[in-house]
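Student: Please take a close look at a single part of this model. I should then like one connected account of the links found elsewhere along the chain.

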Amino acid sequence: MTTSILLFSLVASGDKDTDVTADSGDVTTDSGDTSSDTGEPAEVHECLAAHGIQAAGSSWVYAWQSSSRTGNRTAEVVGYDPDARTATVKTIDTWTDAGGQYSYFGTEWKTYACTAEGIALTEDRDEYSGSNAGQAYSGDVTTVYDPPALVRTNAPAVGDSWTGTYTGTETDADGYESAISKTIDSEVLDDGIPLSGGWEGTQIRDHYSAESYSDYHWMAEVGVIRTPTAYITAYTP
């Protein structure tokens, strides 16, 4: 079980049944209008909006790729601080496979912060339960990343690459803490890929090891529009 996409994976992050699944600061925002001049690099200032986090209540609805799966995935911005450039996205996954042998229900809260490089993950809380071939399971885990882990740059283009370093502390429901440390190397493979529903995405590949990787599709000012298990059907800014 893993956490993506998150959306960010922004929404998408949250593909629990996959093997692995979720910028320049040189230009300022000075437009001559002092009321909108934050004094911050433009890429940082516009970071949340670049990933579809337009306001509290911004939301995404997804459907499952597999026709044998019933249920849905929804995500919503439940915490939004444009001054601090942070946001929390709550994702709810619920599904049952044909035959009822496998089921999953999970809620995940991912808190993001804008950095000079892009959007980064600062905290991830995951509550889940389900059944795997008749065996029930459940969990409640909170992970705090220090420093924030870079998830994606704000304007990924074909040929771009970056590395997210995920180091921090994971705490389970019993209060047991364990240190975590991993890296994810990301690269942009293609752009302008048309998807069903009129969406057009940028293909990004996350490498978890030399043998393990996962692809997803992202759209500027919308967020993650397809993961290995789900695809977007609606977005509300």
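**The cysteine pair and other links**

Tutor: Cysteine 47 and cysteine 114 are both buried. The model is a predicted one, and every value in this answer has been computed from it. The two cysteines are joined to each other by a disulfide, with an S to S distance of 2.4 Å. The count of disulfides in the structure comes to one. Turning about the S-S bond gives an angle of -90 degrees, and the link between cysteine 47 and cysteine 114 is left-handed. Where do the two partners lie? Cysteine 47 belongs to helix H2 (residues 47-50), while cysteine 114 belongs to strand E6 (residues 102-114); the disulfide therefore ties together parts of the chain that are 67 residues apart in sequence.

It is useful to set this pair within the whole chain. The protein chain contains two helices and 14 strands. It has 237 residues, and 43% of them count as buried. Its accessible surface is about 11,000 Å², with 46% of that area belonging to carbon and sulfur atoms.

Links of another kind are also present, for the structure holds five salt bridges. Side chains of opposite charge can pair when their charged atoms come close. One such pair is arginine 73 and aspartate 93, whose side chains meet at 2.7 Å, N to O. Because arginine 73 is in strand E4 and aspartate 93 is in strand E5, this salt bridge ties together parts that are 20 residues apart in sequence. Both arginine 73 and aspartate 93 are buried.

A salt bridge also joins the side chains of arginine 69 and aspartate 97, at 3.8 Å, N to O. Here arginine 69 lies in strand E4 (residues 69-81) and aspartate 97 in strand E5 (residues 86-97), and the two are 28 residues apart, so that distant parts of the chain are linked. Why does arginine 69 count as buried? Its relative accessible area is 11%, and the class of buried residues takes in values under 20%.

Arginine 125 and glutamate 127 form a further salt bridge, with their closest N and O atoms 2.3 Å apart. Arginine 125, at 31% relative accessibility, counts as partly exposed. Glutamate 127 is partly exposed too, with a relative accessible area of 27%. Through salt bridges that share partners, Arg125, Glu127 and Asp140 are joined into one network.

The nonpolar residues deserve a place in this account. In soluble globular proteins, nonpolar side chains tend to be buried together. The largest nonpolar core here has 36 residues, and Trp60, Trp199, Val222 and Ile232 are among those with the most contacts inside it. Strand E8 (residues 135-152) gives the most to this core, contributing four residues. Valine 222 touches several residues beyond its sequence neighbours, including Trp60, Trp199, Ile232 and Tyr235.

Finally, consider glutamine 203, which is found in strand E11 (residues 200-207). Glutamine 203 is buried, with a relative accessible area of 17%. Its side chain makes a polar contact, at 2.9 Å, with the side chain of aspartate 215. Among the residues that glutamine 203 touches, leaving out those up to four places away in sequence, are Glu187, Val188, Ile193 and Tyr216.

Methods: Residues are numbered from 1 along each chain as its sequence is written. This is a predicted model: local features need pLDDT of at least 70, side-chain atom pairs count only at pLDDT 80 or more; totals for chains, interfaces and linings use all residues. Side-chain values use heavy atoms; hydrogens and water are left out. Buried means under 20% relative accessible area, exposed over 50%, partly exposed in between (1.4 Å probe, protein chains only). A polar contact is a pair of N or O atoms within 3.5 Å; within protein, one must be able to donate a hydrogen and the other to accept it, and residues adjacent in sequence count only if both atoms are side-chain atoms. Contact means heavy atoms within 4.5 Å. A nonpolar core is a set of buried Ala, Val, Leu, Ile, Met, Phe, Trp, Tyr and Cys residues joined through side-chain atoms within 4.5 Å. Accessible areas come from the Shrake-Rupley method with a 1.4 Å probe; for residues, only the protein chains shown count as cover. A salt bridge is a side-chain nitrogen of Lys or Arg within 4 Å of a carboxyl oxygen of Asp or Glu. A disulfide is a pair of cysteine sulfur atoms within 2.5 Å.
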